[in-house]
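Reader: I'm new to this one and would love a close look at a single part of it. Could you take it slowly and spell out the terms as you go?

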Amino acid sequence: MNAPSIKFRRDDGWTFIEATISIVIMAIMVLGLTIVLLAFREQLDRSWAVRVMDQYGNDVIEQLTHELRNATDVEVRGGVGNTSRIDVKYLDPIRHDIFRTSNWRADLRNVRITHGNNDLVDPSFPPRQMGQGESYEIIQFTLSQYAADSPNEWERQDRNRRKQSFLDAAYDIRFKLRYIRKPTEIGGRTWSVEKEFFNRVYVRNKNLIVKKGITD
Amino acid sequence: MKCLNSKWRDDAGSIDFIQIVVGLLIVAIAAVGTFQALNFGNDKMNQQMRYRKAMSIARSYVEYWQGRIHTDFDDKDPRVIQGNLNQSVDPTVLDLGDPTTDADDVMCYVRYGRLDPIDLLETGLGVDYWRINVKVTWWEPGTPRNPDYEQSVIFTGTMVSAGL
């Protein structure tokens, strides 16, 4: 007696219905995959741009913080837009009896922060080959006294309780960058993201004798 | 017996409907798995960015207390004796996200305990320096607001007082 068998496969070829359904399913899958891939590519491009911006912002803040920690004096002047020109004065590391000055400023047109002798913090920013509609902007680059422009109410009130020697040596660095992605097709929306990079620095040497120089 | 006959290679070599559907199903499952993995990696990188920002916020608070200890210090100040653990603290923005909406903002909370006076017992000066501990806590987007999912960063610094 033959065992009962279930036939999943036929050797008679394709029927019209099977062929039509197969083509419809494949077309839907290809369309779906294409849409998902395009959306994911857009997501990855945005993600990459934000990480590039985050890396640059952190680089600027860290380098300026490092210079301020070793500085003997700081002078802040107004710059273009919401930016400051920061002159950081420090002892020459080789000859301890002379002072050098490092000038930090924001170049809004080229979206760069320069210091020293027009040296760039990161020559690779902004990226040379950006996609259509992509751009970066420097919104803010300021050095202000402790809590002078803080959004925190407690810090603004605390400022009135502090001694002048503290206020003269405690600074807030604020660096704000914006990444804009304009639409490439008609009817699309502009997407943007803003990041603020902040550090509070206490310039120790302003309250130490070393600010007068070291003489042998 | 005929039921034991293998029928792997008795057709003309073409694919049939069931094989097409099974193949497409496999491709769909692989695609979903791949995109889930890519999303997971992207979320982890965002978490790293927030962690780095939290470290920066913690360090800024340590700098504040280092400046205070150096220039403007009262060791009887309640904030020195007990920190701000028992006070409500305004949240600080950790990740602004889309500037057009506040719904995706990630906020963090900054706390610090008592400033610890350290006496090395070798110098005879009494308090040789002060130790500061700052803790920043936040919750990642999409996680419940309970201690099990709390993320935190602790930053420690030291400073000598102005008398030295």
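How many residues does the contact take from chain B, and how many from chain A?

Author: Sure, with a little housekeeping to begin. This is a predicted model, where local features need pLDDT of at least 70 and side-chain atom pairs count only at pLDDT 80 or more, while totals for chains, interfaces and linings use all residues. Residues are numbered from 1 along each chain as its sequence is written, and chains are lettered from A and ligands numbered from 1 in the order in which they are written.

Now your contact: chain B puts in 31 residues and chain A 40 residues. Two residues touch if their C-beta atoms, placed from the backbone, lie within 7 Å. On the chain B side, 14 of those residues are nonpolar, 8 polar and 9 charged. Here Ala, Val, Leu, Ile, Met, Phe, Trp, Tyr, Cys and Pro count as nonpolar, Asp, Glu, Lys and Arg as charged, and the others, Gly among them, as polar.

As for confidence, the model scores ipTM 0.79 and pTM 0.82. Chain B averages a pLDDT (the predictor's confidence in each residue, from 0 to 100) of 82, and 86% of its residues score at least 70.

Over in chain A, have a look at helix H1, residues 16-69. Helices (H or I, at least four residues) and strands (E, at least two) are DSSP runs, numbered from the N terminus. H1(A) has 54 residues and spans 78 Å from first C-alpha to last, close to the 80 Å expected at 1.5 Å a residue; that expected span is 1.5 Å times one less than the number of residues. Among its buried residues are Ala49(A), Met53(A), Tyr56(A) and Leu64(A), buried meaning that 20 or more other C-beta atoms, placed from the backbone, lie within 10 Å of the residue's own.

Chain A also has an open sheet of 5 strands, in the order S1-S2-S3-S4-S5, with antiparallel pairing. Strands pair if DSSP finds at least two bridges between them. The edge strands, S1 (73-78) and S5 (119-120) of chain A, each pair on one side only. H1(A) packs on this sheet, touching S1, S2 (84-91), S3 and S4 of chain A, and makes about 45 degrees with the direction of S2(A). Axes are lines fitted to C-alpha atoms, for helices over the stretch in contact, and angles run from 0 to 180 degrees between N-to-C directions. Inside the sheet, S3 (99-107) and S4 (112-115) of chain A are joined by 3 bridges, and Ala106(A) has Ile113(A) in S4(A) as its bridge partner.

Terms used. A residue is buried if 20 or more other C-beta atoms lie within 10 Å of its own, exposed if 12 or fewer, and partly exposed in between; C-beta atoms are placed from the backbone.
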